[in-house]
Amino acid sequence: MWFRPGWPINAPVVASPARALAVRTLHKVLSGDSYAATALDRALSSEKLAGRDAGLATHIVYGTLRYLPALRLALEPLLRGKTAPKAQALLLAGAFEKLYLETPDHAVVSEYVTLARSMRFAPPGLVNAVLRRVQRPQGNSPEARYALPDWLAEQLRAVYGDEAEAVMADLLMPQPLWLKVWDKGADLLETEGSVIEGARAGVDRVALDRPLRHTRAYQEGQAQPVNPSSVAVLSALGPLKGQKIYDLAGGAGVKAALMAKAGAKVTSAELHAHKHESARTNLRRLGVRAELITHDLTQPLDREPRPLVLLDAPCSGSGTLRAHPEIKQRLTPGAVTELAELQAKLLDNAAGLVAPGGLLVYSVCSVFPQEGPDRVSAFLAAHPEFSAEPLPDLGLPVVEAGAGAYTVPLDGLDGFYIARLRRT
Ligand SMILES: C[S@@+](CC[C@H](N)C(=O)[O-])C[C@H]1O[C@@H](n2cnc3c(N)ncnc32)[C@H](O)[C@@H]1O
């Protein structure tokens, strides 16, 4: 082994491709250019990184984003003046590895100094000095303990009471892969070497032995990634076989596909036409059909009312911080208020699509009362033709709130608010 003058002892000569990819991806996500899942998927496939390297890159990207507020707190006293965004991405990833991934200190310092040099993202001397000294933030604040701003921790405490501390700690854990499997899906996965570790609400928790897209179960339309809390939303609709249903704000159509698989006749309405492309591809893979229409649901949709309507409304995503940790840096109380106004308009237009005697299920992957129980109580006050009904057993732990309930985001589950509203 040889060393360049001035390098820390043990500094590798070649930068780790997994860490380089992770730092580049973090820089993109932190600049607001892309969501973590999209940026990481693209980078992993264009750089053909697989196996352990892909695993490490994924761990660093998601882990750094999950711990972001705590990492910023830890780095702040060590940085003077403005730190360039590229240097920030590199230092945050290095601090995450040292403080929370527990990579040995000397390895972190030498790996990130090498990266700084080869990527030209930060002065190597700065990286060396900062990563040697950085320590876990002290104190009892939610930021230091759970990497959450105070206002968000307060909301979680108000909703989950005694369970809030466990929820906040669990939101820092890696997101497990949940797969809804049909027919021979489970057999195919296990034959290939994947392990089914348990199930919640009829969705399997799976440790894959290869990328999902390379499994036969996925390729043959017998597996769909989905969080059990999303499936609980569909349970709130009751039996689906043979039912005509509107899936409003249908996005890339995951719930539409699951409802079609369950035998429903689905019309899915979504604002962004490009999301229909993903929905179509997925529906084809799963061997089912749904009608896809592009429509802005802040305007009434001129269609015949149906007995079942699902409004899975656009929301803050605050119940999905484990899977989408980048949301943390975009969430503000003001953004939540704007979303609540949008949800109110969408609910009003959804009401017009429910046939007399029919059912409207409202859901958001949010744990903020403004987007959940407050929205529903305002809706019920303005629409006396609707009344709330108790939810059936959703197969998951829930906390009742107002006319509906929150799922509890523990053990890899997302936090959703779900309400069932009957039209007289
Ligand atoms: C929570 S996502 C839906 C996820 C989807 N139900 C699924 O399971 O795949 C909400 C969707 O609402 C869409 N949306 C936002 N504003 C809208 C509007 N004014 N009209 C219709 N859809 C809208 C967003 O583009 C997003 O795809």
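Here a biologist and a modeller talk through a predicted model of a protein chain with a ligand.

Modeller: This model is predicted, so local features need pLDDT of at least 70 and side-chain atom pairs count only at pLDDT 80 or more, while totals for chains, interfaces and linings use all residues. Residues are numbered from 1 along each chain as its sequence is written, and side-chain values use heavy atoms, with hydrogens and water left out.

Biologist: How do you know that Glu270, Asp296 and Asp312 gather at one spot?

Modeller: UniProt, in an unreviewed entry, places the feature "binding site" at these three residues. They span 43 residues in sequence, yet no two of their C-alpha atoms are more than 14.2 Å apart, so they do gather at one spot. Bear in mind that UniProt annotations may be inferred rather than shown by experiment.

Biologist: Which residues come nearest to the ligand?

Modeller: Glu270, Lys275, Asp296, Leu297 and Asp312 do, out of 17 residues around the ligand. A residue is near a molecule if one of its heavy atoms lies within 4 Å of it.

Biologist: What makes the pairing of lysine 275 with the ligand a polar contact?

Modeller: A polar contact is a pair of N or O atoms within 3.5 Å. A polar side-chain atom of lysine 275 lies 2.9 Å from a ligand oxygen, so the pair qualifies. Lysine 255 passes too, with 3.2 Å to an oxygen atom of the ligand. For aspartate 312, a side-chain N or O atom is 2.8 Å from a ligand nitrogen. The protein covers 85% of the 600 Å² of accessible area that the ligand has on its own, by the Shrake-Rupley method with a 1.4 Å probe.

Biologist: Where is aspartate 296 found?

Modeller: Aspartate 296 is in the loop between strand 7 (291-294) and strand 8 (306-312). Strands are DSSP runs of E with at least two residues, and helices are runs of H or I with at least four, numbered from the N terminus.

Biologist: And what is cysteine 365 in contact with, beyond its neighbours within four places in sequence?

Modeller: Its partners include Cys315, Ser318, Thr320 and Phe416, where contact means heavy atoms within 4.5 Å. Cys365 carries the UniProt annotation "active site" from an unreviewed entry, and cysteine 365 sits in the loop between strand 9 (354-364) and helix 18 (373-382).

Methods
Polar contact = N/O pair within 3.5 Å; in protein donor to acceptor, adjacent residues only side chain to side chain.
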